[in-house]
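Dear colleague,

Please find below the structure I promised to hand over, together with its sequence. A summary of the findings follows it.

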Amino acid sequence: MISVSIRTDDFNRWQDLLTLIQKSYAYMATRIDPPSSMHRLTAESLEAKSRTETLFIAFEESRLVGCVFLKEEATNFYLGKLAVDPDLQGKGIGSMLITACIEFAQQAGKPDIELEVRIELTENQALFSRLGFTKTGENSHAGYNRATSIVMLRKGTV
């Protein structure tokens, strides 16, 4: 059984979290350009990120199987670093994590959630579309004269 919760102060499995993200994002290495910012993450930077953003974690018993960060902005939240153990992808864990973010954002009174997804990752775009996100724009990474990511927004209600 999968459980999703917000990270508590006693969470200390930062290396496990980094490994989970690295494994989850590994398939992108040959598909996206520029490379993922995941390569700059460390256990320490994830711990620091969790002090300014809300970290949702998914467990199968004691096994860490998913995560996502939710960053509060002026009028909405920004969803980032969604990761699910590759061995368990397609079993609804990503949807469970995003649903937890949606509920959190609604309770916080800022129900709109924005995210960016790489232009090459059409299966991720489809997942987010199924969960109510719509494309609102495109962005280019520095040094690129083409769109490298799609901005998506999920309008919520309070």
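Please note that this is a predicted model.

I begin with two helices. Helix H1 and helix H2 (residues 43-52) pack with their axes 8 Å apart, at an angle of about 100°. Since angles of 65 to 115 degrees count as roughly perpendicular, H1 is therefore described as roughly perpendicular to H2. On the side of H1, the contact is made by Trp14, Gln15, Leu17, Leu18 and Ile21, and on the side of H2 by Ala43, Leu46, Glu47 and Ser50. By character, the residues of this contact divide into six nonpolar, two polar and one charged.

I turn next to the sheet. Seven strands form an open sheet with mixed pairing, and their order is E1-E2-E3-E4-E5-E7-E6. Strand E1 (2-6) and strand E6 (134-139) stand at the edges; each has a single partner strand, so one side of each is left without a neighbour in the sheet. On average, and with direction ignored, neighbouring strands of this sheet are turned by 25° against each other.

At one of these edges, E1 pairs with strand E2 (residues 54-60) in the antiparallel sense over five bridges. Within this pair, Ile6 stands opposite Phe56 in E2. Helix H1 (residues 14-25), already described in its contact with H2, also packs on the sheet, where it touches E2, strand E3 (63-72) and strand E4 (77-84). The direction of H1 makes about 90° with that of E3.

At the other edge, E6 pairs with E7 in the antiparallel sense over five bridges. The bridge partner of Asn139 is Ser149 in E7. Strand E5 (residues 113-118) also pairs with E7 in the antiparallel sense, in this case over six bridges. Here the bridge partner of Ile113 is Arg154 in E7.

This leaves one matter concerning strand E7 (residues 149-154): why is it described as largely enclosed by the rest of the structure? The reason is that six of the six residues of E7 are buried, where buried means under 20% relative accessible area. In a regular strand, the side chains alternate between the two faces of the sheet. Both faces of E7 are covered: Ser149, Val151 and Leu153 are buried on one side, and Ile150, Met152 and Arg154 are buried on the other. Ser149 and Arg154 are thus named twice in this account, as buried residues and as the bridge partners of Asn139 and Ile113, respectively.

Yours sincerely

Definitions and conventions
Residues numbered from 1 in each chain as written. Predicted model: local features only at pLDDT ≥ 70, side-chain atom pairs only at ≥ 80, totals over all residues. Heavy atoms only, no water. Pairing = 2+ DSSP bridges. Helix = DSSP H or I, 4+ residues; strand = E, 2+ residues; numbered from the N terminus. Axes fitted to C-alpha atoms, helices over the stretch in contact; angles between N-to-C directions. Contact = heavy atoms within 4.5 Å. Buried < 20%, exposed > 50% of the residue type's maximum accessible area, 1.4 Å probe, protein only. Parallel < 35°, antiparallel > 145°, perpendicular 65-115°, else oblique. Nonpolar A, V, L, I, M, F, W, Y, C, P; charged D, E, K, R; others polar.
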